[in-house]
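Here is a short briefing on one protein model. Please look over the sequence and the structure first, then read the points below.

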Amino acid sequence: MFKGLGGLGDMAGMMKKAQEMQGKMAEMQEEMHNIMVEGEAGAGLVKATCTAKGELKGLDIDPSIFNGDDKEVVEDLILAAIKDAQGKASDRAQEEMSKLTEGLGLPAGMKLPF
């Protein structure tokens, strides 16, 4: 199709791939809001649920940990569960991005911004 244009034919192919990638990234961004991950702390006494984008969506606290003397422990468990969920969200987002970059023939491990 672009035989007479030399390297410009390759450029057109690259542009097409870039547009495909842009569309797939937009789709993935939307999907990240729907993928849920759960983090926990205190052997499951505190659980935090967030999207793969890291947005906190839910918090589940076992009532057995509510003791007036343990306020700081409860707060620490809540923070730990949230951090665990956010770490898992980041890992999941990276997994999803790896699937996209592999499908487009990009180098493995290439990090793209969200």
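Among contacts between residues at least 6 apart in sequence, 48% join residues at least 24 apart. The model is predicted. The protein has 114 residues, and 27% of them count as buried. Its exposed area is about 7700 Å², with 55% supplied by carbon and sulfur atoms.

**Fold**

- The protein holds two helices and three strands.
- Along the sequence, these elements follow the pattern α-β-β-β-α.
- Helix α1 covers residues 8–32.
- Strand β1 covers 36–41, and strand β2 covers residues 46–51.
- Strand β3 runs over 56–61, and helix α2 over 71–103.

**Buried positions and their contacts**

- Thr51 is found in strand β2.
- Thr51 counts as buried because its relative accessibility is 0%, under the 20% limit.
- Leaving out residues up to four places away in sequence, Thr51 touches Met32, His33, Ile35, Met36, Val37, Lys57 and Ala89.
- Ile78 lies in helix α2.
- Ile78 also counts as buried, at 19% relative accessibility; the limit is under 20%.
- Beyond residues up to four places away in sequence, Ile78 touches Val46, Leu59 and Ile61.
- Ile78 and Lys47 are 31 residues apart in sequence, yet their C-alpha atoms are 7.7 Å apart in space.

**Salt bridges**

- The structure holds five salt bridges.
- Glu55 and Lys57 meet through their side chains in one salt bridge, at 3.4 Å from N to O.
- Glu55 is partly exposed, with a relative accessible area of 39%.
- Lys57 is partly exposed too, at 49% relative accessibility. Lys57 is also one of the residues that Thr51 touches.
- Asp84 forms a salt bridge with Lys88, and their closest N and O atoms are 3.5 Å apart.
- Asp84 and Lys88 both sit in helix α2, four residues apart, or about one turn of the helix.
- Asp84 counts as partly exposed at 26% relative accessibility, and Lys88 is partly exposed at 35%.
- Lys99 and Glu96 join their side chains in a salt bridge, at 3.3 Å from N to O.
- Because Lys99 and Glu96 are three residues apart in helix α2, about one helical turn separates them.
- Lys99 is exposed, with a relative accessible area of 54%, whereas Glu96 is buried, with 10%.
- Arg92, Glu96 and Lys99 are linked in a network of salt bridges.

**Surface patches**

- Which residues gather in a patch of negative charge on the surface? They are Glu38, Glu40, Asp60 and Asp62.
- Asp62 has its place in the loop between β3 and α2.
- Asp62 counts as partly exposed, at 31% relative accessibility. Patch residues need over 30% relative accessible area, so Asp62 passes that cut-off.
- Which residues make the nonpolar surface patch? Met11, Met14 and Met15 do, and the patch has an area of about 320 Å².
- Met15 is found in helix α1.
- Met15 is partly exposed, with a relative accessible area of 47%.

**Backbone at Ala43**

- Ala43 is found in the loop between β1 and β2.
- Ala43 has a positive phi of about 55 degrees, although it is not a glycine.
- Most residues other than glycine have a negative phi.
- Is Ala43 buried or exposed? Ala43 counts as exposed, because its relative accessibility is 83% and the exposed class starts over 50%.

**Points to check in the viewer**

- Helix α2 holds Ile78. Helix α2 also holds the pair Asp84 and Lys88, as well as Lys99 and Glu96.
- Glu96 combines a buried position with a place in the salt-bridge network of Arg92, Glu96 and Lys99.
- Ala43 joins a positive phi with an exposed position in its loop.
- The negative patch includes Asp62, and the nonpolar patch includes Met15.

Methods: Residues are numbered from 1 along each chain as its sequence is written. This is a predicted model: local features need pLDDT of at least 70, side-chain atom pairs count only at pLDDT 80 or more; totals for chains, interfaces and linings use all residues. Side-chain values use heavy atoms; hydrogens and water are left out. Patches are made of residues with over 30% relative accessible area and no salt bridge: like charges are joined within 9 Å, nonpolar side chains (Val, Leu, Ile, Met, Phe, Trp, Tyr) within 5 Å. Accessible areas come from the Shrake-Rupley method with a 1.4 Å probe; for residues, only the protein chains shown count as cover. A salt bridge is a side-chain nitrogen of Lys or Arg within 4 Å of a carboxyl oxygen of Asp or Glu. Lys and Arg count as positive and Asp and Glu as negative; His and the chain ends are not counted. The place of a charge is taken as NZ of Lys, CZ of Arg, CG of Asp or CD of Glu. Buried means under 20% relative accessible area, exposed over 50%, partly exposed in between (1.4 Å probe, protein chains only). Contact means heavy atoms within 4.5 Å.
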